[in-house]
Amino acid sequence: EGYCSLYLHVPRDTKVSRTLFVGRARNGPSEADALKNCGVSEMCVLSNQIDKDTGSVVIGVEDLQVLSSPLVAETRTKLQLVS
């Protein structure tokens with residue numbers, strides 16, 4: 001009882017690498033798509049993650065990287081040092 005879950009919406013045909021967090025609890029890094037690893041059920045006990053000074057909890061995603069997606073245009077450039 002008191003567990004919380006956290007899910008990230010990943011668009012169809014898109015693959016990302018992500019780390020989900022609730023307070024100090026982390027899940028990842030993991031590769032995720034619209035159906036696989038897009039979230040965590042019963043990630044942690046929410047009351048254990050509440051900051052005692054502020055009464056708040058920070059949730060989110062860090063180290064988010066789009067690995068592939070038809071919605072993102074790839075923009076890579078080559079940098080060469082000429083002497």
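Which backbone nitrogen lies 2.8 Å from a polar atom of the side chain of Q49? The backbone nitrogen in question belongs to R24. This structure is a predicted model, and the contact between Q49 and R24 is a convenient place to enter it.

Q49 sits in the loop between β4, which covers residues 39-45, and β5. With a relative accessibility of 11%, Q49 counts as buried. If residues up to four places away in sequence are not counted, Q49 touches V22, G23, R24, A25, C44, S56 and V57. The distance from Q49 to I59, taken C-alpha to C-alpha, is 9.7 Å, and the two residues are ten apart in sequence.

One of the residues touched by Q49 is C44, which leads to the cysteines. The number of disulfides in the model is zero. C4 takes part in no disulfide, and the nearest cysteine sulfur to it, that of C44, is 3.7 Å away. Because a disulfide requires two cysteine sulfur atoms within 2.5 Å, the separation of 3.7 Å leaves C4 unpaired by this criterion. Seen from the other side, C44 is likewise in no disulfide, and its nearest cysteine sulfur is that of C4, at 3.7 Å. Both cysteines are withdrawn from solvent by the accessibility criterion: C4 is buried at 13% relative accessibility, and C44 is buried at 7%.

The charged side chains come next. Side chains of opposite charge can pair when their charged atoms come close. The count of salt bridges in this model is two. In one of them, E31 pairs with K15, and the closest N and O atoms are 3.9 Å apart. E31 belongs to strand β3 (residues 25-32) and K15 to strand β2 (residues 15-22), so this pair ties together parts that lie 16 residues apart in sequence. Both partners are partly exposed, E31 at 43% relative accessibility and K15 with a relative accessible area of 32%.

The other salt bridge joins the side chains of E62 and R26, with an N to O distance of 2.9 Å. Here E62 lies in strand β5 (residues 59-68) and R26 in strand β3, so the pair ties together parts that are 36 residues apart in sequence. These residues are also partly exposed: the relative accessible area is 28% for E62 and 44% for R26. Strand β3 thus contributes E31 to one bridge and R26 to the other.

Beyond β5, the chain continues into a segment that contains S69. S69 is buried, with a relative accessible area of 17%. The side chains of S69 and T14 are joined by a polar contact of 3.1 Å. When neighbours within four places in sequence are left aside, S69 is in contact with D13 and T14.

Finally, the confidence of the prediction deserves attention. The mean pLDDT of the chain is 89, and 87% of the residues score at least 70. Among the elements of the chain, the lowest mean pLDDT is that of β5, at 93, and the highest is that of β3, at 96. Where pLDDT is low, the predicted coordinates should not be read in detail. The strands that hold E62 and R26 are therefore the elements with the lowest and the highest mean pLDDT, respectively.

Methods:
Residues are numbered from 1 along each chain as its sequence is written. This is a predicted model: local features need pLDDT of at least 70, side-chain atom pairs count only at pLDDT 80 or more; totals for chains, interfaces and linings use all residues. Side-chain values use heavy atoms; hydrogens and water are left out. A salt bridge is a side-chain nitrogen of Lys or Arg within 4 Å of a carboxyl oxygen of Asp or Glu. Helices (H or I, at least four residues) and strands (E, at least two) are DSSP runs, numbered from the N terminus. Buried means under 20% relative accessible area, exposed over 50%, partly exposed in between (1.4 Å probe, protein chains only). A polar contact is a pair of N or O atoms within 3.5 Å; within protein, one must be able to donate a hydrogen and the other to accept it, and residues adjacent in sequence count only if both atoms are side-chain atoms. Contact means heavy atoms within 4.5 Å. pLDDT is the predictor's confidence in each residue, from 0 to 100.
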